Amino acid sequence: MKAFVPILQFVLISFLVGYISMLLQRESLITWYPALVKSSLTPPGNVFAIVWSALYLLMGISAGLIWNTRTMYSWMLILVFLVQLALNLLWSFSFFYMQSPVMGFAVLVVLFMVVVLYVTGCYNQHKWAAIINAPYLLWLLFAGYLNLYVVINN
């Protein structure tokens, strides 16, 4: 039971970031985003909510598993995890709140590199903590495509 508490805490922290991101996006999703030229592969809005909920859950579980390893290296991984959460939030701020797809894409590139760093570091500490981030990495690649499409076509 003691090992479950950190997992729950990191899941809640991840969902808090998701909630703040949603607040940053809310107005632009109504006024600005619908007018953009988007890829035909852009999923409907409700798909984004479902996918991000699942990803935040997996991210939180991963960080909790790393926290529970209690090694000196785990502290650095938790710091990298928090940096990627901050970058995740910065993407919502850049793309939606600032309405800057170019800035959003730049943040997304850095975010992807930080998540790769986190996942590769996790692999040596707790393999499942790394593996459950595979959907996140794939989604970030897809988001990068969607973001770049908006940059090029608007």
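Trainee: What makes the largest nonpolar core a core, and which residues have the most contacts inside it?

Mentor: In this predicted model, the largest nonpolar core has 39 residues. They count as a core because they are buried nonpolar residues joined through side-chain atoms within 4.5 Å. Those with the most contacts inside this core are Trp52, Met59, Phe95, Tyr118 and Tyr136.

Trainee: Which elements give two or more residues to this core?

Mentor: They are helix 1 (4-31), helix 2 (45-69), helix 3, helix 4 (101-125), helix 5 (127-131) and helix 6 (134-153). Helix 3 supplies the largest share, nine residues.

Trainee: Why is asparagine 88 called buried?

Mentor: Asparagine 88 has 4% relative accessibility. Buried means under 20%, so asparagine 88 counts as buried. You will find asparagine 88 in helix 3 (residues 72-97).

Trainee: What is asparagine 88 in contact with, leaving aside its neighbours within four places in sequence?

Mentor: With that limit, its contacts are Ser21, Trp52, Tyr56, Met59, Leu111 and Tyr136. Now look at tryptophan 52: leaving aside neighbours within four places, tryptophan 52 is in contact with Met59, Asn88, Tyr136, Trp139 and Leu140.

Trainee: How do you know that helix 2 has a span close to the expected one?

Mentor: Helix 2 has 25 residues, and from its first C-alpha to its last it reaches 37 Å. The expected span is 1.5 Å times one less than the number of residues, which gives 36 Å for helix 2. Set against each other, the two values are close.

Trainee: Which residues of helix 2 are buried, and what covers them?

Mentor: The buried residues of helix 2 are Trp52, Leu55, Tyr56, Met59, Gly60, Ser62, Ala63, Gly64, Leu65 and Ile66. Their cover includes helix 1, helix 3, helix 4, helix 5 and helix 6.

Trainee: Why is arginine 70 called exposed?

Mentor: Its relative accessibility is 55%. Exposed means over 50%, so arginine 70 counts as exposed. Arginine 70 follows helix 2 and is found in the loop between helix 2 and helix 3. Notice its backbone too: arginine 70 has a positive phi of about 50 degrees although it is not a glycine.

Trainee: And why is glutamine 99 called partly exposed?

Mentor: Glutamine 99 has a relative accessible area of 35%. Partly exposed covers values between the 20% and 50% cut-offs, so glutamine 99 is partly exposed. Glutamine 99 is placed in the loop between helix 3 and helix 4, and has a positive phi of about 55 degrees although it is not a glycine.

Conventions: Residues numbered from 1 in each chain as written. Predicted model: local features only at pLDDT ≥ 70, side-chain atom pairs only at ≥ 80, totals over all residues. Heavy atoms only, no water. Helix = DSSP H or I, 4+ residues; strand = E, 2+ residues; numbered from the N terminus. Buried < 20%, exposed > 50% of the residue type's maximum accessible area, 1.4 Å probe, protein only. Contact = heavy atoms within 4.5 Å.
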